[in-house]
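User: I would like a close look at a single helix of this chain. Please describe what lies inside, what packs against the helix, and what follows.

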Amino acid sequence: RLLTPPYTSSHLLTSSQGFSLIHRTGSLRHEVAAHVTDAMRMALLQASGYSVAANEFVPAEHTPKNRLIVATRRSQMSAAATRKAREGALGELAALKEATGGVGICLETMLLVPGPSADPEPYITY
């Protein structure tokens, strides 16, 4: 089981024309960037073989950064089901990256997600 605390990549919205109004408004930029960052993190974890849930762990009145992502290794799935889940999550990640001007997050470089022709069991490298 993996737990990932809140983290925001506010640079995600700097290179996309579609986010220019949001980027110029500081509070919006940070909120939207937090959501996009969490969505990218969830897609990467799903592509790496985890079931993922986002939970609030500190009441919102105390802090706006209160989302804890909990990732649990999926039980054995067939190679076809694993490949389909990975491709779906990577497709969602690609769409998010395209929307943000091609910008990704550091977690992407930390997780090894083999391509469709590789071993169907993704794994994490350290």
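Analyst: In helix H2, the buried residues (under 20% relative accessible area, with a 1.4 Å probe and protein chains only) are Arg29, Ala33, Ala34, Val36, Thr37, Asp38, Met40, Arg41, Ala43, Leu44, Leu45 and Ala47. This is a predicted model, in which local features need pLDDT of at least 70, side-chain atom pairs count only at pLDDT 80 or more, and totals for chains, interfaces and linings use all residues. Residues are numbered from 1 along each chain as its sequence is written, and side-chain values use heavy atoms, leaving out hydrogens and water.

The chain holds 4 helices and 5 strands, where helices are DSSP runs of H or I with at least four residues and strands are runs of E with at least two, numbered from the N terminus. Of its 126 residues, 32% count as buried.

Helix H2 covers residues 26-47 and packs against helix H3, residues 79-99, at an angle of about 155°, with the axes 8 Å apart. Axes are lines fitted to C-alpha atoms over the stretch in contact, and angles run from 0 to 180 degrees between N-to-C directions. H2 is therefore roughly antiparallel to H3, a term for angles over 145 degrees.

From H2, the contact (heavy atoms within 4.5 Å) involves Ala39, Met40, Ala43, Leu44, Gln46 and Ala47. H3 contributes Arg86, Ala89, Leu90, Glu92, Leu93, Leu96 and Lys97. Just after H2, Gly49 has a positive phi of about 95°.

How values were computed: Angles under 35 degrees count as roughly parallel, over 145 as roughly antiparallel, 65 to 115 as roughly perpendicular and the rest as oblique. Buried means under 20% relative accessible area, exposed over 50%, partly exposed in between (1.4 Å probe, protein chains only).
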